[in-house]
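Please open the model in your viewer and keep the selection tool at hand. The tour goes one selection at a time.

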Amino acid sequence: MIERKLYFARSGNSLRAAIAVELGRIDAERHELDLAAGDHKRPVFLAINPVGAVPALIERDTVSGVELRLSQSGAILDHILRRDRPELIPVESNACALDHASVCAALSDIAVQNGLMKYMDFNAENVEFLQGRLLNSIAACFEPVKAADFLGGTSPMRADFAHFPVVFMREAWLRSLPDFAHVVAWLERMRHVEEVSRAIAYAGRQVPHSG
């Protein structure tokens with residue numbers, strides 16, 4: 001028997017991990033951390049993830065005692081999909097490579113630029129630069145959904161789930177930009193995926209658009 005615990009907050013990375021847990025149909029004990037109260041800096045959580053960042057997933061085999069601890073949302077997503085939902089990862093070589101490249105962009109360029117905007121809001125020039133970089137990255141990654149319902153084609157695949165948290169977080173902003181109507185349409189399709197909807201309920205976070 002495997003016991004699982006998910007440590008999360010209302011954040012983009014946590015939402016990605018929560019989506020993975022829902023996709024894997026995993027019965028995980030949930031532990032929500034209050035980042036504003038400093039829960040992620042307390043010794044009890046630092047013992048789980050010394051970096052003090054969410055999400056974190058613990059899987060423990062109650063028979064052997066073997067324990068797996070994962071603290072990167074991309075790793076959690078990949079681990080669960082490969083084990084429990086392999087059909088969501090393309091098999092054909094080129095399709096798999098493109099999916100993997102899109103996942104890497106979601107976890108690096110897009111997620112990092114999205115996160116930095118929060119810390120650079122004191123400098124308008126920095127914010128403008130990051131906004132431009134973020135929009136360029138999203139535009140490049142979402143070129144496929146101009147001709148298809150999902151990044152994976154006719155149904156959502158690993159890359160779709162990797163990208164969802166940032167697009168969901170920045171929904172109000174993206175809705176104000178006519179050139180991103182296809183991204184918003186994709187978002188509407190994704191939010192109606194049952195597992196995504198369930199994850200949003202406890203880990204979703206959105207940022208209002210200031211205009």
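The stops below cover the two domains, then a sheet, then the contact between the domains.

**Stop 1: the two domains**

This is a predicted model. Colour residues 2-85 as domain 1 and residues 89-198 as domain 2, the two parts into which the protein chain is divided. Their C-alpha centres lie 22 Å apart.

**Stop 2: the sheet**

Show the strands S1 to S4. In what order do the four strands lie in the sheet? The order is S2-S1-S3-S4, in an open sheet with mixed pairing. Strand S2 (29-32) and strand S4 (67-70) are at the edges; each has a single partner strand, so one side of each has no neighbour in the sheet. From one strand to the next, the twist averages 15 degrees.

**Stop 3: S1 with S3**

Select residues 2-8, which are strand S1, and residues 56-61, which are strand S3. Do they run parallel or antiparallel? The pairing is antiparallel, over six bridges. Two places to zoom in follow. At arginine 4, look across to S3 and you will find glutamate 59 opposite. At leucine 6, the bridge partner in S3 is another leucine, residue 57.

**Stop 4: S1 with S2**

Now turn to the pairing of S1 with S2, which is parallel and has four bridges. Select phenylalanine 8 and look across to S2, where glutamate 32 stands opposite.

**Stop 5: where the domains touch**

Go back to the two domain colours and select the residues in contact: 15 from domain 1 and 14 from domain 2. Between them, domain 1 and domain 2 bury about 1,300 Å², and 69% of this area is on carbon and sulfur atoms. Which three residues of domain 1 supply more of its buried area than any other three? They are Arg16, Ile19 and Glu22, with 40% of the area that domain 1 buries against domain 2.

**Stop 6: charged and polar pairs**

Keep both sides of the contact on screen. There are three salt bridges between domain 1 and domain 2. To see a salt bridge in detail, select arginine 158 and aspartate 78, whose closest N and O atoms are 2.8 Å apart. The count of residue pairs in polar contact between the two domains, with both residues at pLDDT 80 or more, is three.

For the last selection, show helix H1 (12-23) and helix H3 (73-84). These are the elements that give two or more residues to the side of domain 1 that touches domain 2.

Technical notes
Residues are numbered from 1 along each chain as its sequence is written. This is a predicted model: local features need pLDDT of at least 70, side-chain atom pairs count only at pLDDT 80 or more; totals for chains, interfaces and linings use all residues. Side-chain values use heavy atoms; hydrogens and water are left out. Two strands pair if DSSP finds at least two bridges between them. Axes are lines fitted to C-alpha atoms, for helices over the stretch in contact, and angles run from 0 to 180 degrees between N-to-C directions. Domain bounds come from an automatic or database domain assignment. Contact means heavy atoms within 4.5 Å. Buried area is the accessible area (1.4 Å probe) that two parts lose on being put together, summed over both. A salt bridge is a side-chain nitrogen of Lys or Arg within 4 Å of a carboxyl oxygen of Asp or Glu. A polar contact is a pair of N or O atoms within 3.5 Å; within protein, one must be able to donate a hydrogen and the other to accept it, and residues adjacent in sequence count only if both atoms are side-chain atoms.
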